[in-house]
Amino acid sequence: REITSVYATGANRGASFFAEAGDVDTAAVLLRLDDETLATVSLTRYNGAGYDVRLEALGSDGNAIVGLDDRAPLTSVEPDHSPSPYPPYAGFMERFRAAYADELAAFIEVATGQLDNPCPPVDALEAFYVAEACELSRRESRAVEVAEVRR
C-alpha cells in the first residue's frame with residue numbers, strides 16, 4: 001500500500017545535541033495508507049534495556065513480527081514468564097551485522113548485473129517523500145499529505 005498522509009510529533013528528553021541540531025530523540029508517527037489503513041511508528045534513541053528494532057503488523061486475520069528473537073530487550077511482567085538467558089543487543093552494529101553483510105553482497109550483485117535492483121530509485125524517492133512529509137508534519141504540528149512534498 002502507498003502512504004498518503006502522515007502526522008508526526010517528537011520530543012527531546014535526553015542529550016541536548018539532538019535539539020541543538022533541530023532533531024528529536026523520541027517520536028511517534030501516524031501513517032494513513034491509500035486504502036484508509038492506519039499504521040503507527042514509534043521510536044526513541046534511548047532504551048536502557050538494550051537495542052530494540054522490530055516491526056509488528058497486527059490485523060483482523062492475525063499478526064506478524066519481524067525482529068523478535070531471544071535477544072530482543074523485552075521484559076514481561078507476567079509472573080510465570082522466564083526472562084531470556086541471552087543478553088540484549090548492545091547497538092546497531094551488533095544487531096544488524098548480518099543484514100549489512102547481506103546488503104553489501106546484494107549491492108555487488110546489482111552493480112555487476114547479476115541481480116535486478118530490489119529497490120529502484122523511484123521507490124527510494126517515494127521513501128524520501130514520506131520522510132520529508134514526516135519532518136514537515138513534526139515541525140508544523142499538523143497532518144501532511146505526501147503529495148504536498150512532491151511538488
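Start by selecting Leu-58 and Asn-63: in this predicted model, Leu-58 stands opposite Asn-63 in strand S5. Now widen the selection to residues 55–59, strand S4, and residues 62–66, strand S5. The two strands run antiparallel and are joined by five bridges. The link between S4 and S5 is a hairpin, made through two residues.

**Step back to the whole chain**

Switch to a cartoon view and show everything. The protein chain holds four helices and six strands, and along the sequence they follow the pattern β-α-β-β-β-β-α-α-β-α. For a sense of scale, the C-alpha trace spans about 55 × 45 × 40 Å along its principal axes.

**The four-stranded sheet**

Next, colour strands S1, S2, S3 and S6. Together they make an open sheet with the order S3-S2-S1-S6 and antiparallel pairing. At its edges are S3 and S6 (144–145), each of which pairs on one side only. Strands of a sheet pair through backbone hydrogen bonds, either parallel or antiparallel.

Zoom in on S2, residues 26–33, beside S3. This antiparallel pair is held over seven bridges. Which residue of S3 stands opposite Val-29? Select Val-41 and you have the partner. Keep Val-41 highlighted, as we will come back to it shortly.

**A helix across the sheet**

Now select residues 121–140, which form helix H3. H3 lies across three strands, namely S1 (3–11), S2 and S6. Look along S1 and compare directions: the helix runs at about 45° to this strand.

**The largest pocket**

Turn on a surface and look for the largest pocket, with a volume of about 980 Å³. Its lining is made of 21 residues. To find the centre, select Val-41, Ser-42, Leu-43, Arg-54 and Leu-55, the lining residues that lie nearest to it. So the Val-41 you left highlighted, opposite Val-29 in the sheet, belongs to this group too.

Which strand gives the most to this lining? Select S3, residues 38–44: this strand contributes seven residues, the most of any. S4, where the tour began, also supplies at least two. Colour the lining by class and you will see eleven nonpolar, six polar and four charged residues.

**The second largest pocket**

Move on to Ala-72, Leu-74, Thr-75, Pro-83 and Ser-84, which lie nearest the centre of the second largest pocket. The volume here is about 330 Å³, and 16 residues form the lining. By class, these divide into eight nonpolar, five polar and three charged.

**Last stop: a bent helix**

Finish with residues 92–111, helix H2. Where is the kink in H2 centred? Select Ala-98 and view the helix from the side: the kink is about 45°. Then follow the chain past the end of H2 to Gly-113, where phi is positive, near 80°.

How values were computed: Residues numbered from 1 in each chain as written. Predicted model: local features only at pLDDT ≥ 70, side-chain atom pairs only at ≥ 80, totals over all residues. Heavy atoms only, no water. Bend = angle between axes of the 7 residues up to and from the residue. 1 Å grid on protein atoms, 1.4 Å probe; cavity = no way out; pocket = protein on both sides within 12 Å on 5 of 7 lines; lining within 4 Å. Points joined across faces, edges and corners; volume = space filled by probe spheres on them. Nonpolar A, V, L, I, M, F, W, Y, C, P; charged D, E, K, R; others polar. Pairing = 2+ DSSP bridges. Contact = heavy atoms within 4.5 Å. Axes fitted to C-alpha atoms, helices over the stretch in contact; angles between N-to-C directions.
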